[in-house]
Amino acid sequence: MSQQTIDAKNAEFWNELCGTWLARTLGITDVSPETLRRFDEAYLAFYPYLEKYVTKQNLKGKKVLEIGLGYGTLGQFLAQQDSDYYGLDIAQGPVDMMRYRLTQLGRQSSYKVQLGSALDIPYPDESFDYVYSIGCLHHTGNLGKAVSEVYRVLIPGGKAIVMLYNQHSFRQLVTIPLTRLRSLFVADGRTFAEHIRAMYDMNSGGEAAPFTEYVSQTKVKHLFQSFSQIKIDIQNFDTYILFRGRVIIPREKLLNNLARLIGLDLYITATK
Ligand SMILES: C[S@@+](CC[C@H](N)C(=O)[O-])C[C@H]1O[C@@H](n2cnc3c(N)ncnc32)[C@H](O)[C@@H]1O
């Protein structure tokens, strides 16, 4: 696929807000502040480690760029730290949602949240103290370029907090090989790569995200080699552990142990 095709497919696919599955589960159909508060509470309860990547930093008065906005929970939380918040996304839906959220907070929103690509960040070199990008750069089609763009727009000493999918997760090491074995016998009409992408990101029509990369910690160190310091945490876990079709360990019980070893996501904190 050419870069232009990936960008166009991303703009279309992600126009449906990432997190729509959660909104449906909660019976959410509107965007009143009360409804969004309910969504955010559920989102942050599902990813309980996320808040500390924000609160550990002192963002007050700092210029913060978020790339890949989704439903806007993290963006709103970043803005509420009294930071000077900017947002960027390739799809119109997330841009509109974040502008709406900022307006609700009484903030200037239209020029601060832009439609655009992580591969061509529309800001000059050394513009930001922080860049947050959770679950986005691995969808761009060019992870190397995306990380170099993040590096470019950070000030010296600035920090990037980036989540990428872990290539050495339980899902990749166990679930996917088992699924592949099963797929030799049961065809579901899509390629195996598509099937895997759908395990990570699927829209309400059952379609998989157009492009997804999975990275090892070694690859991350290579990608972020220009940064002066880098720390990698492993977080998040699939669903639960099943034995003979019964849930024997629920997901929340795995987040502080197994997930820290073979979890789904790599959280990278990198200092320029
Ligand atoms: C999986 S969602 C993550 C959203 C949010 N950060 C979260 O964790 O819930 C990926 C987001 O990245 C955005 N995205 C995908 N490709 C992009 C690109 N090339 N540039 C900027 N944003 C992109 C999508 O539109 C979508 O909002």
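With which residue does E213 form a salt bridge? In this predicted model, the partner of E213 is K219, and the closest N and O atoms of the pair are 3.9 Å apart. K219 is partly exposed, at 34% relative accessibility. The pair belongs to a wider set of charged contacts, as the structure holds nine salt bridges.

Another of these contacts joins K231 to D233, with 2.7 Å between the closest N and O atoms. The two residues fall into separate accessibility classes: K231 has a relative accessible area of 43% and is partly exposed, whereas D233, with a relative accessible area of 9%, is buried. The value for D233 lies under the 20% limit that defines a buried residue.

A further salt bridge is found within helix α3, which spans residues 33-46. Here the side chains of E34 and R37 meet with an N to O distance of 3.0 Å. The two residues are three positions apart in the sequence, about one turn of the helix. Both are partly exposed, E34 at 45% relative accessibility and R37 at 40%. The pair is also part of a network of salt bridges in which E34 and R37 are linked with E41.

Helix α7, comprising residues 143-153, contains a set of buried residues, namely L143, A146, V147, E149, V150 and V153. These residues lie on the same side of α7, because they cover an arc of only 155 degrees around the helix axis. The elements that cover them include the strands β1 (63-67), β4 (128-134) and β5 (154-165), together with helix α10 (217-223).

Among the buried residues of α7 is the acidic residue E149. E149 counts as buried because its relative accessibility is 7%. Its side chain reaches the backbone nitrogen of I121 at a distance of 2.7 Å. When residues up to four places away in sequence are not counted, E149 touches A118, L119, D120 and I121. I121 is thus both a residue touched by E149 and the one whose backbone nitrogen is reached by the E149 side chain.

A nonpolar patch is present on the surface, formed by L173, V174, L178 and L181. Together, these four residues have about 360 Å² of accessible area. One of them, L178, is located in helix α8, which runs over residues 170-183. L178 is classed as exposed because its relative accessible area is 54%, the limit for this class being over 50%.

Terms used. Residues numbered from 1 in each chain as written. Predicted model: local features only at pLDDT ≥ 70, side-chain atom pairs only at ≥ 80, totals over all residues. Heavy atoms only, no water. Helix = DSSP H or I, 4+ residues; strand = E, 2+ residues; numbered from the N terminus. Buried < 20%, exposed > 50% of the residue type's maximum accessible area, 1.4 Å probe, protein only. Polar contact = N/O pair within 3.5 Å; in protein donor to acceptor, adjacent residues only side chain to side chain. Contact = heavy atoms within 4.5 Å. Patch = residues over 30% accessible without salt bridge, like charges linked within 9 Å, V, L, I, M, F, W, Y side chains within 5 Å. Areas by Shrake-Rupley, 256 points an atom, 1.4 Å probe, with all protein chains shown as cover. Arc of directions from axis to C-beta.
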